[in-house]
Amino acid sequence: MAAGSGGLKDATAVVGIGQTPFAKRLPEDERTLACRAVLAALDDAGIAPGEVDALASYTMEETDEVELAKACGFGDITFFSKVGFGGGGSCATVAHLAAAIVAGQAGVGVAWRSRKRGSGPRPWTDTTVQLPTPAQWTRPYGLLRPADEIAMLTRRYLHEYGATRDHLFNVALACRNRANQNPAAIMYERPLTREMYMTSRWISEPLCLFDNCLETDGALACVVVSAERARDCRRRPVYVHSAAQSLPAQHHGMVNYWNDDPLTGPAWSAARHLWKHSDLTPEDVDVAQIYDAFTPLVLLSLEGYGFCGRGEGGAFTEGGALETGGLLPLNTGGGGLSEAYVHGFNLINEGVRQLRGTSTAQVPDASACLVTAGEGVPTSALLLRS
């Protein structure tokens, strides 16, 4: 799905955001957390629950629409959708609501993600779903976890382009520095140094502990309405300027085996659609919230979305480029590496805060923010503007 002239471009806006606390272990169940995040987002927007008529979430979301609608007191729901591929679906939830509103199928949409990954099971421990046909030739030989699959891509990237672990550290450090400014972040009071990074244990070489996202309990939500309705809401509207989804030809999740070039993942095709239907270019982006389940995904995304050339993602991170005041301030709430990992939804809410001017690491006069979903899987992206 991509925004087009006369279509999605600036026709809808995010007018409310909400979240629960983040922690390694929260006592509430996922449904309770979902309800709290959704009701907080509606309160932020100044919209009554009974006005909600559209819902969007992830196929991996455990709280279904019926439970949420009853518990929160929604009215008749006339549009509902779920997006697959885990973190690749984050931005698409907002895009689906925007499309439904523009098409006249709904007026007030809520997107959400609730997850107890910190205290709950790891997905890859469910052996009953571990061996779809492609995985029969990989998982028995050690590529069991996403970290293992991305580690292989990372090794290829380092070999092809001469990038180093210092470049991966630059990503981890930028996210941690922003988390140190964000009281809601799990890593708020836990600074990161180069020595800590370089001496930390391997998770899947060449990825160390700090190259991997957090494991978090928590929930987030946002509210989407038409641009016209947004003018009457409680908060400053943040417009959905462009949106895209991407499942490239001959794609294979995480590892991209059957592509001619495994290092040109879904970000590349998502970016083509995103920029094609935008009045902006990468040079116009003031701040970026780039999906960071693993540090190398940021390097791939920097290239895919056009902030630098092929193989230049590592070098782009040098000289504080991802820090506040740098070329492209990154993941200003701390991202999945240092704020919370809830399949990328915190990146959406942080993008909204930046364009409202309320971030804990505010980029001065920010007016355009790129938000991306998971690279390495069928993905999605949003270009937000104030």
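**A tour of two cavities and some cysteines**

Begin by selecting helix 4, which supplies 4 residues, the largest share, to the lining of the second largest cavity. The model you have open is a predicted one, so every stop on this tour is a place in that prediction.

Now add helix 9 (295–304) to your selection, since this helix and helix 4 (146–161) are the elements that give two or more residues to the lining of the second largest cavity. To see the lining itself, select Ile-150, Leu-153, Thr-154, Tyr-157, Pro-296 and Leu-300; by class, this lining has 5 nonpolar residues, 1 polar residue and no charged residues. The space in the second largest cavity is about 30 Å³.

Next, move to the largest cavity, whose volume is about 40 Å³. Select Leu-153, Met-254, Asn-256, Pro-262 and Leu-263, which are among the residues that line the largest cavity, and then add Gly-265, Pro-266, Leu-300, Glu-375 and Gly-376, which line it as well. The lining of the largest cavity divides into 6 nonpolar, 3 polar and 1 charged.

Finally, turn to the cysteines: how many disulfides does the structure hold? The structure holds 0 disulfides. Select Cys-35 together with Cys-72, where the closest cysteine sulfur lies 3.9 Å from the sulfur of Cys-35, which is too far for a bond because a disulfide needs the two sulfur atoms within 2.5 Å. Cys-35 is buried, with a relative accessible area of 12%. Then select Cys-208 and Cys-213: the sulfur of Cys-208 is 13 Å from the closest cysteine sulfur, that of Cys-213, and this is again too far for a bond. Cys-208 also counts as buried, at 0% relative accessibility.

How values were computed
Residues are numbered from 1 along each chain as its sequence is written. This is a predicted model: local features need pLDDT of at least 70, side-chain atom pairs count only at pLDDT 80 or more; totals for chains, interfaces and linings use all residues. Side-chain values use heavy atoms; hydrogens and water are left out. On a 1 Å grid over the protein atoms alone, a cavity is a set of points where a 1.4 Å probe fits but cannot get out, and a pocket is an open set with protein on both sides within 12 Å along at least five of seven lines; lining residues have an atom within 4 Å of a point. Grid points are joined across faces, edges and corners, and a volume is the space filled by probe spheres set on the points. Ala, Val, Leu, Ile, Met, Phe, Trp, Tyr, Cys and Pro count as nonpolar, Asp, Glu, Lys and Arg as charged, and the others, Gly among them, as polar. Buried means under 20% relative accessible area, exposed over 50%, partly exposed in between (1.4 Å probe, protein chains only).
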